[in-house]
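Visitor: I am new to this structure and would like to be led through it with some care. Could we begin with a helix and work outward from there?

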Amino acid sequence: MFSCCLCTTKGGALKPTKDGRWAHITCSLFVPEVYFEDPEGREGVCCSEIQSKRWEDVCYLCEIRGGCVIECSEMKCELGFHVTCGLKEDLCVEYREGKKSGGIVVGFCDEHTKLWENFMFFFFFFWRLCYDALC
């Protein structure tokens, strides 16, 4: 069974990378510097542009230095985690298509995921109040 070079988890929906390793499709989508040579077919996973820091950092969730991590998107937070570890822990990890350029990946550690969820709850709550008042 193959393991993902981006998170070290074995099995799952893996695609071969351009350098002969294997990567989860999910990890390939959420690690910012990774791209598909054929985006529509999700073929030709290229990991050659990943920052060296991502490979060196330890995942704060599984405490393993292996694969690569994405950092919490909160400006002053330095916690990093594997994509699959973050998804297992229900952290906020999102991909948004940019209007002019490629996609943007946003991921938050546990503490900042909770803050983000609270913010979004209150945002939609107040939006709904304003909407109801106007209609």
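Visitor: In which helix do Lys114 and Asp110 both lie?

Guide: This is a predicted model, and in it the side chains of Lys114 and Asp110 meet in a salt bridge, with 3.1 Å from N to O. Lys114 is partly exposed at a relative accessible area of 45%, and Asp110 is partly exposed at 34%. The two residues are four apart in sequence, about one turn of the helix, and the helix that holds both of them, residues 110-134, is H4.

Visitor: How many residues apart in sequence are the parts that the pair of Lys15 and Glu43 ties together?

Guide: The side chains of Lys15 and Glu43 meet in a salt bridge of 2.7 Å, N to O. Because Lys15 belongs to strand S1 (residues 14-16) and Glu43 to strand S4 (residues 43-46), the pair ties together parts whose separation in sequence is 28 residues.

Visitor: Is Lys15 buried or exposed?

Guide: Its partner in the salt bridge, Glu43, is partly exposed, with a relative accessible area of 36%. Buried means under 20% relative accessible area, and Lys15 has a value of 17%, so Lys15 is buried.

Visitor: Which residue's side chain meets that of Arg21 in a salt bridge?

Guide: Arg21 is partly exposed, with a relative accessible area of 32%. The side chain that meets Arg21 in a salt bridge, at 2.8 Å from N to O, is that of Asp19.

Visitor: How many salt bridges does the structure hold?

Guide: Besides the pairs already described, there is a network of salt bridges in which Glu33, Arg54 and Glu71 are linked. For the structure as a whole, the number of salt bridges is seven.

Visitor: Which helices give two or more residues to the largest nonpolar core?

Guide: The largest nonpolar core has 23 residues, and those that touch the most other members are Cys4, Leu6, Val31, Val34, Cys47 and Ile50. The elements that give two or more residues to this core are the helix at residues 25-30 and the helix at residues 83-88, namely H1 and H3.

Visitor: Leaving aside neighbours within four places in sequence, which residues is Cys47 in contact with?

Guide: Cys47 is one of the residues that touch the most other members of the largest core. With its neighbours within four places in sequence left aside, Cys47 is in contact with Cys5, Leu6, Thr17, Arg21 and Val34.

Visitor: How many residues make up the second, separate core?

Guide: Among the members of this second core are Cys72, Cys92, Phe108 and Cys109. The number of residues in the second core is five.

Terms used:
Residues are numbered from 1 along each chain as its sequence is written. This is a predicted model: local features need pLDDT of at least 70, side-chain atom pairs count only at pLDDT 80 or more; totals for chains, interfaces and linings use all residues. Side-chain values use heavy atoms; hydrogens and water are left out. A nonpolar core is a set of buried Ala, Val, Leu, Ile, Met, Phe, Trp, Tyr and Cys residues joined through side-chain atoms within 4.5 Å. Buried means under 20% relative accessible area, exposed over 50%, partly exposed in between (1.4 Å probe, protein chains only). Contact means heavy atoms within 4.5 Å. A salt bridge is a side-chain nitrogen of Lys or Arg within 4 Å of a carboxyl oxygen of Asp or Glu.
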